[in-house]
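Subject: the structure we talked about

Hi,

Here is the structure I promised to pass along. Have a look at it first, and then read on for what turned up.

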Amino acid sequence: MQGFVIEGGTELKGEIMTSGSKNAALPIMAACLLVNGEVRLDGCPCLSDVYSSVRILSCLGCRCELRGGVLTADAKAPTSDYIPDRLMRLMRSSSLYLGACIGRLGSCTLSYPGGCELGARPIDLHLAALEKMGVHINESRGVLECSCPNGLHGAGVSLSFPSVGATENVMLAAALAKGETVIYNAAREPEIADLARFLRCCGANITGEGTSVIRISGVKALHGCEYKVMPDRIVAATYLCTAALAGGELMVTNSRACELRPVIDVLCEAGCDIYGYDDRIYISRKRPLKAVKTIRTMPYPGFPTDAQPLITAVLARARGVSVVAENIFENRFRANPELVRMGARIRTEGRIAVIEGTDRLYGARVMASDLRAGAALTAAAVSAQGITELGGIEYIDRGYERLEKALSSVGARITRTKI
Ligand code: UD1
């Protein structure tokens, strides 16, 4: 098994660049299926989930290539509306191909998506919204046969929760549907806005992204374009939290402070000095960390659930008692027992974690059980005394382009090796 060997105890210093956003690139890649022309996508992160997306696009007959952070995709002539189970299981975002495929071809056969390590993660909101737009779904033995016998049409769709994936799926289906679709209680995440900007670049008629009401008037066809994927705000949060834990000073480039306000505010409350510029964030941590007021994860613009394991790791070394409430995913606390192995004092009950900060964490053998848990354990290990052996790094590779290289370039001691 591959793992990270991390020798902790060094401060971070220097400049580190954030990659393009995974959670923006994946829906935009699904949107390429809607485009009757060639798309060039810059800043596409080279990650296993992005490669999985390339495989799905190729399987649907879209010519697709990812080279050096540039994706070219040409869906002038899709050849299939069927996504095999083995591809659907590769990641959660495979569900977005439902909206894209229905939008472009009027039909789609697929199974439930994978990537469920955070809990149940149903797609009932996606399916109910698409049904309102005229999609008939016939489910048999885990396979969803979707068709639009009377055509795909616009509709008013009220989401009972501002689900990111459901909002994206409806946007994808609506871009080429007949008439207007209005999404009420839409997710407001910056990645949704990036998808809307991309679709507009291709000729779609969308307004309201970034607010909770998104309007999409279907157009006849979308044309090719060149687009640059937004920076990854969770990767930026990972670098900031690692610096907060390890101490030192770091300039995180290709990052927008305005999209990370809740994380930055908590880090400042914990004793870090942070300055945000248009496209970069500076952090310095010279003083000991201190506990913060209760953190509650919420849909954007609240505290992001993806940054919660990272901030929990930071608070494990903050003097005093902090409380974290996880309101989005029931299984987002899976780093906590591993942090406890490293000397953290964390009590986790249901959706609440009570963290009693300790001065020191110690290197240990730990396992990443999902992407952000892996990032949190890496950050903790960089600041811990002694050597940590971290397994399960294939999860980390789903969301970070060689995290060990990036952090090593600013002073961390991490090697990828067989453990
Ligand atoms: C996306 C992000 C993920 C992030 C999450 C919340 C991508 C690839 N992933 O995931 O990193 O943590 O947003 O910001 O962009 N739910 C239902 N039924 C549904 C859909 C969702 O009950 O049909 C529930 C989920 O189980 C979860 C909550 O709603 O409890 C939020 O899910 P959602 O916003 O849809 O997250 P994802 O799109 O899966």
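**Charged pairs**

R345 and E356 form a salt bridge, with their closest N and O atoms 3.8 Å apart. This pair links distant parts of the chain: R345 sits in strand β19 (residues 345-349) and E356 in strand β20 (residues 352-356), 11 residues apart. R345 has 43% relative accessibility, so it counts as partly exposed, and E356 is also partly exposed, at 40%. Elsewhere, D397, R402, E404 and R416 are joined into one network by salt bridges that share partners. Keep in mind that this is a predicted model.

The count of salt bridges comes to 27. One of them is between D49 and R398, where the closest N and O atoms are 3.1 Å apart. That one spans 349 residues, from helix α2 (residues 48-59), which holds D49, to the loop between α13 (393-396) and α14 (403-408), which holds R398. Both D49 and R398 are buried. Then there is the bridge between D85 and R89, at 2.8 Å from N to O. Here D85 is partly exposed, with a relative accessible area of 32%, while R89 is exposed, at 55%.

**A buried Asp without a bridge**

What does D370 do with its side chain, given that D370 is buried yet has no salt bridge? The nearest side chain of opposite charge, R332, is 4.4 Å away, and the cut-off for a salt bridge is 4 Å, so this pair does not count. Instead, the side chain of D370 reaches the backbone nitrogen of A373 at 2.9 Å, and one of its polar atoms lies 3.2 Å from the backbone nitrogen of R372. D370 itself is in the loop between β21 (365-367) and α12 (371-383).

**Helix α1**

Is α1 (residues 22-32) enclosed or open? Of its 11 residues, 10 are buried, so the helix is largely enclosed by the rest of the structure. Among the buried ones are L26, I28 and M29. S21 caps the N-terminal end of α1, with a side-chain oxygen 3.3 Å from the backbone nitrogen of N23.

**Aromatic pairs**

There are two aromatic pairs. The rings of F198 and Y227 have their centres 5.7 Å apart and their planes at 75°, so this pair is edge-to-face. F198 is in helix α7 (residues 190-201) and Y227 in strand β13 (residues 225-228), 29 residues apart. F198 is buried, at 0% relative accessible area, and Y227 counts as buried at 10%. The pair of Y275 and Y282 is stacked, 6.0 Å centre to centre with 25° between the planes.

Cheers

Technical notes: Residues are numbered from 1 along each chain as its sequence is written. This is a predicted model: local features need pLDDT of at least 70, side-chain atom pairs count only at pLDDT 80 or more; totals for chains, interfaces and linings use all residues. Side-chain values use heavy atoms; hydrogens and water are left out. Helices (H or I, at least four residues) and strands (E, at least two) are DSSP runs, numbered from the N terminus. Buried means under 20% relative accessible area, exposed over 50%, partly exposed in between (1.4 Å probe, protein chains only). Lys and Arg count as positive and Asp and Glu as negative; His and the chain ends are not counted. A polar contact is a pair of N or O atoms within 3.5 Å; within protein, one must be able to donate a hydrogen and the other to accept it, and residues adjacent in sequence count only if both atoms are side-chain atoms. Rings of Phe, Tyr and Trp (its six-membered ring) pair if their centres lie within 6.5 Å; planes under 30 degrees apart count as stacked, over 60 as edge-to-face and the rest as tilted.
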